[in-house]
Amino acid sequence: MGILIAIDGVDASGKQTQTEKVYERLKADGKKVRKISFPAYDKPSSVLVKQYLNGEYGKKPEDVNAYAASMLFAADRFSTYRTDWIKHYNDGVIIIADRYVSSNMIHQAGKISDVSEKDKFLDWVYDLEFKKLELPIPDATIFLDMPTEYGIMLMQNRTNKITGS
């Protein structure tokens with residue numbers, strides 16, 4: 001079995017940058033390492049995620065409930081795991097993930113205001129992705145924390161990862 005390290009945080013918190021830095025450091029140390037990123041925009045499995053993020057199911061994130069949106073992202077992870085990186089993981093490669101299951105928890109749980117309902121949702125995501133879909137549980141999850149106002153500033157001039165504009 002490999003090692004799975006997930007790097008997560010709010011939008012523009014530096015997930016891609018830190019994933020790259022960890023990857024390069026481990027590679028320089030002679031480790032077998034691979035980067036993965038979610039959503040997997042370059043894979044067919046991300047088509048429903050792209051439609052959701054492009055507003056095809058509703059113009060606001062809350063137009064799609066947390067459970068439905070989470071299933072789209074979970075399906076993308078399941079597909080890429082089973083068709084792409086499972087062999088590397090099983091062969092002992094260190095996998096560095098730019099976003100993972102925790103991303104569903106972070107972004108979709110924000111749609112739920114009731115604390116009890118939010119806890120039920122988080123348990124549901126855990127059960128769906130790790131038990132039902134049998135995705136590997138990360139050995140470590142690194143959460144990048146930054147003030148919201150900085151994230152907003154950084155996102156203003158950021159290229160859209162889906163459309164490239």
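Arg99 is placed in the loop between S3 and H4. In this predicted model, Arg99 has a phi near 80°, a positive value in a residue other than glycine. With a relative accessibility of 10%, Arg99 counts as buried, because the limit for that class is under 20% relative accessible area. Two further loops show backbone features that merit description. Glu134, in the loop between H5 and S4, has a phi near 60°, again a positive value in a residue other than glycine. Pro39 belongs to the loop between S2 and helix H2 (47-53), and the peptide bond leading from Phe38 to Pro39 is cis, with omega near -5°.

The strands are considered next. Strands of a sheet pair through backbone hydrogen bonds, either parallel or antiparallel. In the present model, four strands form an open sheet in the order S2-S3-S1-S4, and the pairing is parallel. Strand S2 (33-37) and strand S4 (140-144) occupy the edges, each with a single partner strand, so one side of each is left without a neighbour in the sheet. On average, neighbouring strands of this sheet are turned by 20° against each other, direction ignored. The edge strand S2 runs parallel to strand S3 (residues 94-98), to which five bridges join it. Within this pair, Ile36 stands opposite Ala97 of S3.

Two helices were examined for their packing on the sheet. Helix H1 (residues 15-28) packs on the sheet and touches strand S1 (3-9), S2, S3 and S4, with a direction that makes about 165° with that of S3. Helix H3 (residues 66-90) likewise packs on the sheet, where it touches S1, S2 and S3; the direction of H3 makes about 150° with that of S2.

Helix H3 also takes part in contacts with other helices. Two packed helices are described by the angle between their axes and the distance between the axes. For H3 and helix H4 (residues 101-109), the axes come within 10 Å and cross at roughly 160°. The two helices are therefore roughly antiparallel to each other, as angles over 145 degrees fall in that class. The crossing of H3 and H4 is right-handed. On the H3 side, the contact involves Ala66, Ala69, Ser70, Phe73, Ala74 and Arg77, which meet Val101, Asn104 and Gln108 in H4. The residues of this contact divide into five nonpolar, three polar and one charged.

The second partner of H3 to be described is helix H5 (residues 115-132). The axes of H3 and H5 come within 11 Å and cross at roughly 20°. This angle makes H3 roughly parallel to H5, because angles under 35 degrees are assigned to that class. H3 passes H5 in a right-handed crossing. H3 contributes Ala66, Tyr67, Ser70, Met71, Ala74 and Arg77 to the contact, and H5 contributes Glu117, Lys120, Phe121, Trp124, Val125, Leu128 and Glu129. By class, the contact of H3 with H5 has eight nonpolar, one polar and four charged residues.

Helices H4 and H5 also pack against each other. Their axes come within 10 Å and cross at roughly 155°, and H4 and H5 are therefore roughly antiparallel to each other. The crossing of H4 and H5 is right-handed. In this contact, Val101, Asn104, Met105, Gln108 and Ala109 of H4 meet Lys118, Phe121, Leu122, Val125, Tyr126, Glu129 and Phe130 of H5. The contact of H4 with H5 comprises eight nonpolar, two polar and two charged residues.

One residue of H5 was considered individually. Ser116 is found in helix H5 and is partly exposed, with a relative accessible area of 42%. This assignment follows because the class lies between under 20%, for buried, and over 50%, for exposed. Ser116 and Met105 are 11 residues apart along the chain, and their C-alpha atoms are separated by 14 Å.

Technical notes:
Residues are numbered from 1 along each chain as its sequence is written. This is a predicted model: local features need pLDDT of at least 70, side-chain atom pairs count only at pLDDT 80 or more; totals for chains, interfaces and linings use all residues. Side-chain values use heavy atoms; hydrogens and water are left out. Two strands pair if DSSP finds at least two bridges between them. Axes are lines fitted to C-alpha atoms, for helices over the stretch in contact, and angles run from 0 to 180 degrees between N-to-C directions. Contact means heavy atoms within 4.5 Å. Angles under 35 degrees count as roughly parallel, over 145 as roughly antiparallel, 65 to 115 as roughly perpendicular and the rest as oblique. A crossing is left-handed if the near helix is turned anticlockwise from the far one by less than a right angle, and right-handed if clockwise. Ala, Val, Leu, Ile, Met, Phe, Trp, Tyr, Cys and Pro count as nonpolar, Asp, Glu, Lys and Arg as charged, and the others, Gly among them, as polar. Buried means under 20% relative accessible area, exposed over 50%, partly exposed in between (1.4 Å probe, protein chains only).
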